[in-house]
Each structure stands twice: as structure tokens, then as C-alpha cells.
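Me: I would like to learn how to read burial, contacts and helix packing from a set of atoms. Could we work through some cases together, slowly?

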Amino acid sequence: MTRRSGYALLAAIIAVIVGLSAAIYAGVAADDGSDSKNSLAGGRAPHNSAAPASTGIWVGAWSASPAGAEPGTETTGMAGRSVRNVVHASVGGTSARITLSNLYGQSPLTITHASIAVAYADNTPQANADTMRRLTFGGNPTVVIPAGHQVLSDAVRIVVPQGSDVLVTTYSPSSSGPVTYHPHARQISYVAQGDRTEDVTGTGYTEQTPYWRYLTALDVLSNESDGTVVAFGDSLTDGITSSVDANHRWTDVLSQRLRTAIESGQDLPRYSVVNQGISGNQILADGLGRPADNPSGLLRFSRDALDRTNVKVVVIDLGVNDILRNPRLADPDKILGGLRTLVREAHSRGIKVIGATLMPFEGHRGYTPAREAVRQQVNAEIRSGRVYDAVVDFDKALRDPYDPRRLRPDYDSGDHLHPSDKGYAKMADVFDLGDLKGSAPAEL
């Protein structure tokens, strides 16, 4: 073969490749993401389980840490009942997927039917009929989750508006042992007898519950957000004394504040905010059982914070329970050592960490002058800049200026430890949104 004929053959091959590539591209571009709508008996909404178009970025819209095994569910679990969790989306999207957990189960959890829908209105089990979607797992409507494990659903096309309530419903026909739950939801969810997974009316959901069951995350494919901020903490982040069904945790207020600032033209990262607080959580100590109820911050940090979808920043507010619940006087160096361990783990993933000072608690039944001294030592080191990449000073913002060992009266829920709704709002208000910029340093 001459050199000229060789060049000609090579040119012909390239032309064929280019032609095939153009045809493939045209076929993909012609898919506008629309689905044919099947007419279903009884006027039920179409399942619409199709995979989403690949536009936008997957981020966390809502999350809750699995905190323990629900008492009273050891024998039958939620067998024969539909569990409709109500969650609040911090960011909107065009597709969604969920995570279900059987962390505290002692046998496989069989889910034969699961659905997602946008709520018809706030704080109701009634769904917007046009948004009802059946969820699948690896293309199958049934999934078996082994004890101690979790599962991520397939993505489904559904428009989730920012700030909307989302209904995620599961049905299990058989006993599965202890139910994995988050006890302090501050949000009413619902239960119905039988399989009412795709019931849009909500009339069968006659039982109310203050828990979130099985569900631990809602992700959305979003054009509104470029990443996720994870708030990692105890009851102060869980929002245990905030108003029920009002989304008044400091994380909720921070999410809305960040969105408002971006819409006003401020140069800030477009992040969603999710909440991974567990009431009673400590940095160093686990609860009872295997797996441990209320696992320590060190034990759960990777799963509950670093493994969240597209996480960019973690905000840590932990340490008060290590002081209050230690039967002996807590060692401030061990508390700070635990916090620094969390920061190193985050940095190893390229994730920035913002840390909070510990708020005052004089007047609480656990208060002693010695414990106050430990709190002051921990706060001094946090403020020094030798623990976190940036600091939010919740202590300074919420303490009583006339008695800085106490919460300011209007920021106090009444138990002298947890904030009121006004106090939670203040926590969000003092957060420097500019600290969300940037990434983890090479070394702290």
C-alpha cells in the first residue's frame, strides 16, 4: 500500500466514525425527556418511573440520621401498614431518588411498594395527584434490604419545588423486626392500614406519628444548587424544641437565608442544606446496643456527613452532651481531639469544615461550675482557629449579655439548654454565608 492510499483509507475510517458519532448524538438530543401517559383505572396518576434526563447536579434536598431502633416494633415492625413520611425539600429539582435504611433491623426488610409525591399542601398526607410516582430499585418495585444496610432507589422524574413538602411512602407486607427511625422529626408523618402507597387522597392515613421511619435521604437533580452543606450535630441541630410542622430549625432558616441572598445577587455558593443532627449525640460516646443507638459523632461521621450527596461543606455543632452526660468531669482535650479527628476526615475528602462554639446552659439540671469551665476551655480553643477552617460563634450570639453562662431569656426555650424558635433563627442569622466559599485547606 502506498503512503497516499494509506492516508485515503485513514480518512475514510475517520469519516465513518464522525458520521456514527453524529447519528448517536442526534438520537440522544432528540429525546426531550417526555413520557407517554398511560390512562389508569380509577384515575390514578401515572407511575412515571422513567430515568431522568442527565441535566443538573445531584444534591441533598433533605436528610435525617438513623438514630435507633423504634421501641415496640421488635416483633412486627410496620408489617401490613403504609408509612408516609413528610419531609421538607431545601432545594428544588426535576428528578428525585431516596435512601431507605434497615440499619437497626434484625432481619431483612422487604418493601414491595414505594412512592414519592409532592404534598398537596403543607402538613398533610394528601398528594398532588399529578406528581405521584412509583419508585423502583434496580428496575424492580420490590426491594429487600438486609439488616444493617441501606438502599438507594432509582431516579424518577418529578418536579420538586424548593420549600415544598414531599411525601415518601413505603409498604412492607411482612414482619422485619425493629424499625430504623429518627425520633425527633419535629414534623408529623402518617401511617395507614394496608397498601395505600399510591393513595393521593390521604384519607386512609388516619394515624399520625412524630417519627421518620426507614427514610434517611431525599436527593434531587437540581439546576438550583451546586452542592450540599451538611449540618452535623446534636439536639441543637436536630431542633428538638422548635415548633412542630414549622421548619424552624436553624438549618431551615439558614437554607432560606442563603437562597434569599443568592437571589438578591450576592456572590455566594449555590448550596442546599441538610440536617444530620441526632438529639443526645456525643462526639466520643455511643449509646447502647449493636449497632449502637445514637452512635457517636466519630462513629457516624463518614456515613451521615461525608457520604451525603455532593457534600461541599460540613458544619459541626457537637460537644455539649460530652460535657453534660459524662458521669465524671469531661476532659476538654479529649473533646477537642475528637473534633480534630472529624476535621481531618473531612479534609481527606476535600471537604471544608465550619465549627460552632458551645452555647451556655446554666440553669439546666446538668449545670455545674466545673462543667462550665470545660465549656469555656473548649470554646477558647475553637475561637483560636486551631480546630476548624472557620467558626460560627453561637455562644456569643445567644448568651445573655448580663449573665453569659446562660442563654438570653428570649432565645431560651425554657429548659436553659435548647433555643426557642427565635433562638434558632438567631443561630442562622449570625452564620457568615461567606464562610461557605472555598474548599478545605491542604492542611489545617
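Reply: Let us begin with a single residue, bearing in mind that this is a predicted model. Asp304 has a relative accessibility of 1% and therefore counts as buried, since the cut-off for that class is under 20%.

Me: Where does Asp304 lie, and which residues does Asp304 touch beyond those up to four places away in sequence?

Reply: Asp304 belongs to helix 4, which covers residues 297-306. Leaving out residues up to four places away in sequence, Asp304 touches Ser65, Pro66, Val230, Phe232, Gln276 and Ile278. The side chain of Asp304 also makes a polar contact of 2.7 Å with the side chain of Arg303.

Me: Which other residues of helix 4 are buried, and what covers them?

Reply: Besides Asp304, the buried residues of helix 4 are Gly297, Arg300, Phe301, Ala305 and Leu306. The cover over the buried residues of helix 4 includes strand 17 (227-233), strand 18 (271-277) and strand 19 (311-317), and helix 6 also contributes.

Me: Since helix 6 appears in that cover, how should I read the packing of two helices?

Reply: The general idea is that two packed helices are described by the angle between their axes and by the distance between the axes. In this model, the axes of helix 4 and helix 6 (residues 332-348) come within 10 Å and cross at roughly 30°. Because angles under 35 degrees fall in that class, helix 4 is roughly parallel to helix 6. The crossing in which helix 4 passes helix 6 is right-handed.

Me: Which residues meet where helix 4 and helix 6 are in contact, and how do they divide by class?

Reply: From helix 4 come Gly297, Leu298, Phe301 and Leu306, and they meet Gly338, Thr341, Leu342, Glu345 and Ala346 of helix 6. By class, the contact of helix 4 with helix 6 comprises 5 nonpolar, 3 polar and 1 charged residues.

Me: At what angle does helix 6 pack with helix 7, and how far apart are their axes?

Reply: Helix 6 and helix 7 pack at about 40°, and their axes are 9 Å apart. That angle makes helix 6 oblique to helix 7. Helix 6 passes helix 7 in a right-handed crossing. On the helix 6 side, Pro332, Ile335, Leu336, Leu339 and Arg340 take part, and they meet Val374, Gln377, Val378, Glu381 and Ile382 of helix 7. The contact of helix 6 with helix 7 divides into 7 nonpolar, 1 polar and 2 charged residues.

Me: Turning to loops, is Thr357 buried or exposed, and what does the side chain of Thr357 reach?

Reply: Thr357 sits in the loop between strand 20 (352-356) and helix 7 (369-383). With a relative accessibility of 0%, Thr357 counts as buried. The side chain of Thr357 reaches the backbone nitrogen of Asp395 at 3.0 Å. Not counting residues up to four places away in sequence, the residues that Thr357 touches include Asp317, Asn379, Ile382, Arg383 and Asp395. Ile382, one of these, is also among the helix 7 residues that meet helix 6.

Me: How does Asp154 count in terms of exposure, and which side chain makes a polar contact with the side chain of Asp154?

Reply: Asp154 is found in the loop between strand 9 (150-152) and strand 10 (156-160). At 23% relative accessibility, Asp154 counts as partly exposed. The side chain of Asp154 makes a polar contact of 2.6 Å with the side chain of Thr136, and a polar atom of the Asp154 side chain lies 3.4 Å from the backbone nitrogen of Phe137. Asp154 and Leu135 are 19 residues apart in sequence, while their C-alpha atoms are 6.9 Å apart in space.

Me: Which residues does Ala114 touch beyond those up to four places away in sequence?

Reply: Ala114, in strand 6 (residues 113-118), is buried with a relative accessible area of 0%. Outside the excluded sequence neighbours, Ala114 touches Arg133, Arg134, Leu135, Phe137, Thr169, Thr170 and Thr197. Leu135 and Phe137 are also among the residues that Asp154 touches.

Me: How many helices and strands does the protein chain have, and what percentage of its residues is buried?

Reply: The protein chain has 9 helices and 23 strands, and buried residues make up 52% of its 444 residues. Among contacts between residues at least 6 apart in sequence, 80% join residues at least 24 apart.

Conventions. Residues numbered from 1 in each chain as written. Predicted model: local features only at pLDDT ≥ 70, side-chain atom pairs only at ≥ 80, totals over all residues. Heavy atoms only, no water. Helix = DSSP H or I, 4+ residues; strand = E, 2+ residues; numbered from the N terminus. Buried < 20%, exposed > 50% of the residue type's maximum accessible area, 1.4 Å probe, protein only. Polar contact = N/O pair within 3.5 Å; in protein donor to acceptor, adjacent residues only side chain to side chain. Contact = heavy atoms within 4.5 Å. Axes fitted to C-alpha atoms, helices over the stretch in contact; angles between N-to-C directions. Parallel < 35°, antiparallel > 145°, perpendicular 65-115°, else oblique. Left-handed = near helix turned anticlockwise from the far one by under 90°. Nonpolar A, V, L, I, M, F, W, Y, C, P; charged D, E, K, R; others polar.
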